[in-house]
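Here is a friendly walk through one protein chain, with the charged pairs taken up before the strands and the core. Please keep the view open as you read.

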Amino acid sequence: MSGNRSEHSSHDDKLPIRMLHDRVLVRQDTSEGERRSGGGILIPATAAVGRRLAWAEVVAVGQNVRTVEPGDRVLYDPEDRAEVEVQGVAYVLMRERDLHAVAADRFEGSEDSTGLYL
């Protein structure tokens, strides 16, 4: 992979930021408000749940990041996060090693794919 991968964003123009080393900048998929269960039941934001991992979209990566690319969806622990605001948009900054899983079209059919739906 060549070129600068750290300035890609799906809905913004290029971000005025360059990630360093093994850092990954992500945008959370959903707000922390109400959500729906798989059966369509509305779960209020005040409902108590155990420790829950969250999905986010990778927006930028540092030059030493090997397993994720901008546009990938990643699974991470929202309690281990550092938030930052860039141009009025909230992002989460973390190290690549803090990611639990990666979901990307490029894994489909490869031996890296588990065949499970996360």
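In this predicted model, salt bridges join D22, R23 and R95 into a network. D22 takes part in both of the contacts described here: one salt bridge pairs D22 with R23, with 3.0 Å between the closest N and O atoms, and another brings the side chains of D22 and R95 together at 3.2 Å, N to O. D22 sits in the segment before β1 while R95 belongs to strand β7, so this pair ties together parts that lie 73 residues apart in sequence.

How buried or exposed are the members of this network? D22 has a relative accessible area of 17%, and because the cut-off for buried is under 20%, D22 counts as buried. R23, at 26%, is partly exposed, and R95 is likewise partly exposed, at 28%.

The count of salt bridges comes to three, and R27 with E57 makes another of these pairs, the closest N and O atoms being 3.3 Å apart. Here too distant parts of the chain are linked, with R27 in strand β1 and E57 in strand β4, 30 residues apart. R27 is buried, with a relative accessible area of 12%, and E57 is buried as well, at 17%. As background, side chains of opposite charge can pair when their charged atoms come close.

The salt bridges can be set side by side:

| Pair | Closest N to O distance |
|---|---|
| D22 and R23 | 3.0 Å |
| D22 and R95 | 3.2 Å |
| R27 and E57 | 3.3 Å |

Now for the strands. β4 (residues 54-61) pairs with β5 (residues 73-76) in the antiparallel sense, over four bridges. Within this pairing, A56 stands opposite V74 of β5. β5 also pairs with β8 (residues 99-103), again antiparallel and over four bridges. There, Y76 has L99 in β8 as its bridge partner.

Next, the nonpolar interior. Which residues touch the most other members of the largest nonpolar core? Of its 13 residues, they are V24, V26, V58, V68, Y76, M94 and L99. Strands β1, β4, β5 and β7 each supply at least two residues of this core, and β4 gives the largest share, with four residues. A second, separate core has six residues, including M19, L25, V59 and A60.

V26 is a good place to look around. Setting aside neighbours within four places in sequence, V26 is in contact with A56, E57, V58, V59, V74, Y91, V92 and M94. Two of these names have come up already: A56 and V74 stand opposite each other. E57 has also appeared, as the salt-bridge partner of R27.

Two further residues are worth a stop. D77 is in the loop between β5 and β6 (82-86), and at 3% relative accessibility D77 counts as buried. A polar atom of the D77 side chain lies 3.0 Å from the backbone nitrogen of E79. Beyond its neighbours within four places in sequence, D77 is in contact with R51, L53 and H100.

R18, in the segment before β1 (23-28), is exposed, with a relative accessible area of 56%. Where in sequence and space does R18 stand with respect to V61? R18 and V61 are 43 residues apart in sequence, and their C-alpha atoms are 8.0 Å apart in space.

Technical notes
Residues numbered from 1 in each chain as written. Predicted model: local features only at pLDDT ≥ 70, side-chain atom pairs only at ≥ 80, totals over all residues. Heavy atoms only, no water. Pairing = 2+ DSSP bridges. Buried < 20%, exposed > 50% of the residue type's maximum accessible area, 1.4 Å probe, protein only. Polar contact = N/O pair within 3.5 Å; in protein donor to acceptor, adjacent residues only side chain to side chain. Contact = heavy atoms within 4.5 Å. Core = buried A, V, L, I, M, F, W, Y, C linked by side-chain atoms within 4.5 Å. Salt bridge = Lys/Arg side-chain N within 4 Å of Asp/Glu carboxyl O.
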